[in-house]
Amino acid sequence: MTETPAKPVLLTGASGALGRQIAPYLAALGWTLRLTDIAPFPDALPKGSSFTRADLNDGVAILRLAEGCGMILHFGGVSVERPFEEVLGPNIRGLYHIYEAARREGARVLFASSNHSIGFHERSEKLDADCQFMPDGYYGLSKMYAEGMARLYWHKHGVESVLVRIGSCFPEPTEERMLSTWLSYGDLCRLCERATLARRTGCCVIWGASNNSRTFWGRDARALIGWTPQDSADAYASRVQGRTSGDPVVELYQGGAYTRIDYTRTAPPEKLFPV
Ligand code: 15L
């Protein structure tokens, strides 16, 4: 018999690409889910779930939605690089509403962080979870802020967080970089399950990538929640090998194309143009 959380689970960003995978997976386990998004839920509502449209900017709505919940899977907000003003509301103020709700309910948070919080590390580096943040845009910077928020609420209020630095979560790898960064939908869903059921998590960081032999990433807290990825991008290597951008900046950094957006350096790093 599978274990079921004692309290309902709140899933933000439920109408997004990842939310639409997670909701039916957890519902099929018999979990009671509260789904929310600023956009309508486009699929049939999974059994045991309710859906409420809400804006993360609306603190009262978020507090209400979280009432009685023991876990918040926070996938809502801006999920790609956008101008600062667009990121600000959902990802900065909205995040504060999520953490205030978690504090009030004594709930744990799984936060969908991103590789773009460390995107300006070079691809030749192998990073552990305690590496330096190197955001590659306003979006990545908002993820770094969120990881800081999680630490604040852990040290000050004892709110637990599982911070998942997601690589590239798509049906399958579509370019060479994803042989390092790909996270399968199945591995993502099992990670959400484990993060919710784990007895204790404290405030920990996990690289959100499948078992890819070309990974950029090393040590993290996966053992603490009992998560082991079962899929691997390796099986797609022959299909996507050689699918690169041809741009030296994009190819140098882990964050790939995001590092190139609004890139204005006129004196590029030495490694690009060795003397
Ligand atoms: C992300 O954080 C984005 O949400 C996603 O759309 C991809 O761009 C992914 O990173 C990636 O780096 O591949």
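**Note on helix packing, cores and two single residues**

1. The crossing of H3 and H4 is right-handed, in what should be read throughout as a predicted model. The axes of these two helices, H3 and H4, come within 10 Å and cross at roughly 20 degrees. Angles under 35 degrees count as roughly parallel, and H3 is therefore roughly parallel to H4.

2. On the H3 side of this contact stand Phe84, Val87, Asn91, Ile92, Leu95, Tyr96, Tyr99, Glu100 and Arg103, which meet Tyr138, Tyr139, Ser142, Tyr145, Ala146, Met149, Ala150, Tyr153 and His157 in H4. Sorted by class, the residues in the contact of H3 with H4 are 13 nonpolar, three polar and two charged.

3. H3, which spans residues 84-105, also packs with helix H2 (residues 59-66), and the axes of H2 and H3 come within 9 Å and cross at roughly 35 degrees. This crossing of H2 and H3 is right-handed. From H2, the residues Gly59, Ile62, Leu63 and Ala66 meet His97, Ile98, Glu100, Ala101, Arg104 and Glu105 in H3, and the contact of H2 with H3 comprises five nonpolar, two polar and three charged residues. Glu100 of H3 is thus listed in the contact with H2 and is also listed in the contact with H4.

4. For helix H1 (residues 19-28) and helix H6 (residues 185-197), the axes come within 10 Å and cross at roughly 55 degrees, and H1 and H6 are therefore oblique to each other. The crossing of H1 and H6 is right-handed. In this contact Gln21, Ile22, Tyr25 and Leu26 of H1 meet Tyr185, Leu188, Cys189, Arg190, Cys192 and Glu193 of H6, and the residues concerned divide into seven nonpolar, one polar and two charged.

5. The largest nonpolar core has 36 residues, of which Ile22, Leu73, Phe75, Leu110, Ile166 and Leu188 touch the most other members. At least two residues of this core are supplied by each of S1 (9-12), H1, S2 (33-37), S4 (71-74), S5 (108-114), S6 (161-166), H6 and S9 (203-208), and the largest share, seven residues, comes from H6. Ile22 and Leu188, both named here among the core residues that touch the most other members, also appear in the contact of H1 with H6.

6. Once residues up to four places away in sequence are set aside, Ile166 touches Leu18, Phe75, Ala112, Ser113, Ser114, Asn115, Leu183, Leu188 and Gly208. Apart from the largest core lies another core, of 32 residues, including Ile72, Ala107, Val159 and Trp207.

7. Phe120 is placed in the loop between S5 and helix H4 (138-157), and is partly exposed, with a relative accessible area of 25%. When neighbours within four places in sequence are left aside, Phe120 is in contact with Met134, Pro135, Asp136, Tyr253, Thr259 and Tyr263. Phe120 and Gln254 are 134 residues apart in sequence, yet their C-alpha atoms are 6.4 Å apart in space.

8. One backbone angle deserves a look in the viewer. Most residues other than glycine have a negative phi. Asp262, although not a glycine, has a positive phi of about 55 degrees. Asp262 lies in the segment after helix H10 (257-260). With a relative accessible area of 65%, Asp262 is exposed.

Conventions. Residues numbered from 1 in each chain as written. Predicted model: local features only at pLDDT ≥ 70, side-chain atom pairs only at ≥ 80, totals over all residues. Heavy atoms only, no water. Axes fitted to C-alpha atoms, helices over the stretch in contact; angles between N-to-C directions. Helix = DSSP H or I, 4+ residues; strand = E, 2+ residues; numbered from the N terminus. Parallel < 35°, antiparallel > 145°, perpendicular 65-115°, else oblique. Left-handed = near helix turned anticlockwise from the far one by under 90°. Contact = heavy atoms within 4.5 Å. Nonpolar A, V, L, I, M, F, W, Y, C, P; charged D, E, K, R; others polar. Core = buried A, V, L, I, M, F, W, Y, C linked by side-chain atoms within 4.5 Å. Buried < 20%, exposed > 50% of the residue type's maximum accessible area, 1.4 Å probe, protein only.
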